[in-house]
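Student: I have just opened my first protein model, and I am not sure how to read it. Could you take me through some of its features?

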Amino acid sequence: MATSVEPRSRKVRILATLGPASRSPEMIERLFRAGADAFRVNMSHGAQADHAQTIANIRALEKTVGRPTTILVDLQGPKLRVGTFADGMAMLKTGAPFVLDRDTAPGDANRVCLPHRELFIALEEGSRLLLDDGKLVLRVTSASHDRIETIVEVGGALSNNKGLNVPDVVVPLAALTEKDRSDLAFALDHDIDWVALSFVQRPEDVAEARRMIQGRAALLAKIEKPAALERLEPILELADAVMVARGDLGVELPPQDVPPMQKRIVECARRMGRPVVVATQMLESMIKSPTPTRAEVSDVATAIYDGADAVMLSAESAAGDWPEESVAMMDSIANAVERDPGYFARVHFTETRPDPTTADALAEAAGAIAKTVSAAAIICFTSSGSTARRVARERPSVPLLVLTPKLETARRLGILWGVHAVRTKDVVSFEDMIAKSKRMALRHNMAKAGDRVIVMAGVPFGVPGSTNVLHVARIVGDELKRHASG
């Protein structure tokens with residue numbers, strides 16, 4: 001394996017979506033070196049064979065750069081769509097009636113097929129239907145088992161198979177479609193690290209996905225339905241991480257409601273110790289332009305100031321004209337924000353109270369001690385990654401070096417705030433732990449001679465979830481030489 005690369009100087013992580021513009025091995029490496037910490041594979045587009053090659057290309061990066069690579073597979077979810085029209089499209093007039101039915105015959109300006117029978121029993125009088133990302137709005141006047149009558153509130157052109165959003169009701173759809181189940185099995189067979197579950201409405205959706213995953217990957221819940229906001233904490237209890245998916249959320253909510261909802265989701269996730277990703281349209285103009293708008297830069301900066309674990313690029317890196325430049329721009333924004341003297345005060349505006357456990361108490365203490373003794377880094381040994389998540393939740397002011405014997409744990413930590421994860425052999429004694437901590441801090445340039453480091457671990461070693469040791473060690477500076485000669 002290649003010599004390990006330098007840890008990132010910034011804390012927030014960058015998740016880059018791969019696609020036609022960026023799935024080659026050369027471009028994936030360029031995106032990594034520009035600042036991408038993790039890669040998203042979007043199952044809504046492309047064939048499984050193409051995704052298999054993309055995943056192989058990401059894994060090849062591990063050997064090239066000597067770093068665990070993090071892969072998130074994003075399932076499409078139950079996307080609702082209308083049927084087809086006789087002329088390929090129809091013009092819906094504001095104030096006119098319009099019917100959605102079960103008849104598969106091509107539609108016209110009066111009606112169209114809706115191939116989702118679950119909706120017919122869920123909709124009520126007064127429910128809104130949003131078509132084509134909210135460009136058209138229908139209001140339900142009556143609904144039966146085979147016919148939904150509406151009035152067009154906002155008209156316009158509606159073409160074949162356009163998407164449909166239902167913001168006012170919980171739709172009785174399975175969280176995982178047949179396509180999702182196939183894609184999930186494919187992803188797990190390819191040893192990916194994270195599965196993103198789309199269109200989560202209730203905790204039961206997360207529970208169903210977790211049963212299918214069976215611990216073979218971590219689970220991220222995408223919040224893009226108003227119904228999910230009403231049960232946010234129970235959803236987060238079951239998920240390993242959460243994404244503020246502002247695309248569909250922005251369709252189903254008034255635009256002005258999205259920023260406070262974003263802040264609420266980020267705050268809730270941080271309080272509960274779940275990594276949180278902010279996504280969608282972050283540098284949207286960079287799909288075609290080599291530079292973003294100032295408003296987009298401010299938007300990315302706001303998510304970073306709020307303490308999000310990761311910010312995500314979608315079409316900008318997957319299909320845009322400037323994939324490498326969009327990653328580099330996000331990296332530049334993040335570094336500028338984190339250099340702001342007021343950054344840490346803003347990040348700690350969200351209070352993260354520790355749970356009444358030894359591990360949480362030590363995680364909170366580690367951040368305070370690091371500040372008091374001006375430690376160079378916090379080093380934690382972990383098997384499952386839970387110790388790293390607890391420490392990262394406190395948003396310490398020093399780098400967090402995570403040492404784990406499990407490659408899958410190191411990979412899963414790639415979207416976690418401030419973490420530099422390294423796979424290394426497990427330790428067998430307290431003395432071994434301290435010696436290895438010093439060597440790894442020097443090897444990864446996180447400390448130098450004379451620096452103090454804070455070491456966290458669980459004794460007995462190798463038992464997950466037993467963090468009970470916090471130790472302050474001083475680096476002499478010759479630990480690597482002594483280890484080589486010994």
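**Reading the model step by step**

Tutor: Let's begin at the surface: Q214 has a relative accessibility of 65%, so it counts as exposed. The cut-offs are under 20% relative accessible area for buried and over 50% for exposed, with partly exposed in between (1.4 Å probe, protein chains only). Keep in mind that this is a predicted model, where local features need pLDDT of at least 70, side-chain atom pairs count only at pLDDT 80 or more, and totals for chains, interfaces and linings use all residues. Residues are numbered from 1 along each chain as its sequence is written, and side-chain values use heavy atoms, leaving out hydrogens and water.

Student: Where is Q214 found, and what is its phi?

Tutor: Q214 sits in the loop that links helix 5 (203–213) to strand 13. Helices (H or I, at least four residues) and strands (E, at least two) are DSSP runs, numbered from the N terminus. The phi of Q214 is positive, about 55 degrees, although this residue is not a glycine. D133 also has a positive phi of about 55 degrees and is not a glycine either. You can find D133 in the loop between strand 7 (128–131) and strand 8 (136–143).

Student: Strand 13 came up just now. Which residues does A221 touch?

Tutor: For touching, look for heavy atoms within 4.5 Å. A221 belongs to strand 13, which covers residues 218–223. Setting aside residues up to four places away in sequence, A221 touches L197, V200, V206, I235, A239, A241, V242 and M243. With a relative accessible area of 1%, A221 is buried. The C-alpha atoms of A221 and A245 lie 9.5 Å from each other, and the two residues are 24 apart along the chain.

Student: How far apart are V327 and I14, in sequence and in space?

Tutor: Try comparing the two numbers: V327 and I14 are 313 residues apart in sequence, and 7.7 Å apart in space from C-alpha to C-alpha. V327 is part of helix 12 (residues 323–339). I14 is among the residues that V327 touches, along with A16, L31, A34, G35, A36 and L313, again not counting residues up to four places away. V327 counts as buried because its relative accessible area is 0%.

Student: How is the chain divided into domains?

Tutor: Domain bounds come from an automatic or database domain assignment. Here that assignment gives domain 1 (13–77 + 175–347), domain 2 (89–165) and domain 3 (358–485). Taken over C-alpha atoms, the centres of domain 1 and domain 2 are separated by 31 Å.

Student: What is the volume of the second largest pocket, and which residues are closest to its centre?

Tutor: On a 1 Å grid over the protein atoms alone, a cavity is a set of points where a 1.4 Å probe fits but cannot get out; a pocket is an open set with protein on both sides within 12 Å along at least five of seven lines; and lining residues have an atom within 4 Å of a point. Points are joined across faces, edges and corners, and the volume is the space filled by probe spheres set on them. The second largest pocket measures about 640 Å³ by volume. It is lined by 27 residues, of which D240, G273, R274, S386 and R389 are the closest to its centre. Helix 15 gives the most to this lining, with 4 residues. The second largest pocket lies between domain 1 and domain 3 because both give residues to its lining.

Student: How many nonpolar, polar and charged residues are in that lining?

Tutor: The lining of the second largest pocket has 13 charged, 8 nonpolar and 6 polar residues. In this scheme Ala, Val, Leu, Ile, Met, Phe, Trp, Tyr, Cys and Pro are nonpolar, Asp, Glu, Lys and Arg are charged, and the others, Gly among them, are polar.

Student: How many cavities are there?

Tutor: The whole structure has 4 cavities of 30 Å³ or more. The largest cavity has a volume of about 220 Å³. Among its 18 lining residues, F32, D37, R67, P68 and H420 are the closest to its centre. Strand 19 (residues 419–423) gives the most to this lining, with 3 residues. Domain 1 and domain 3 both supply lining residues, so the largest cavity lies between them.
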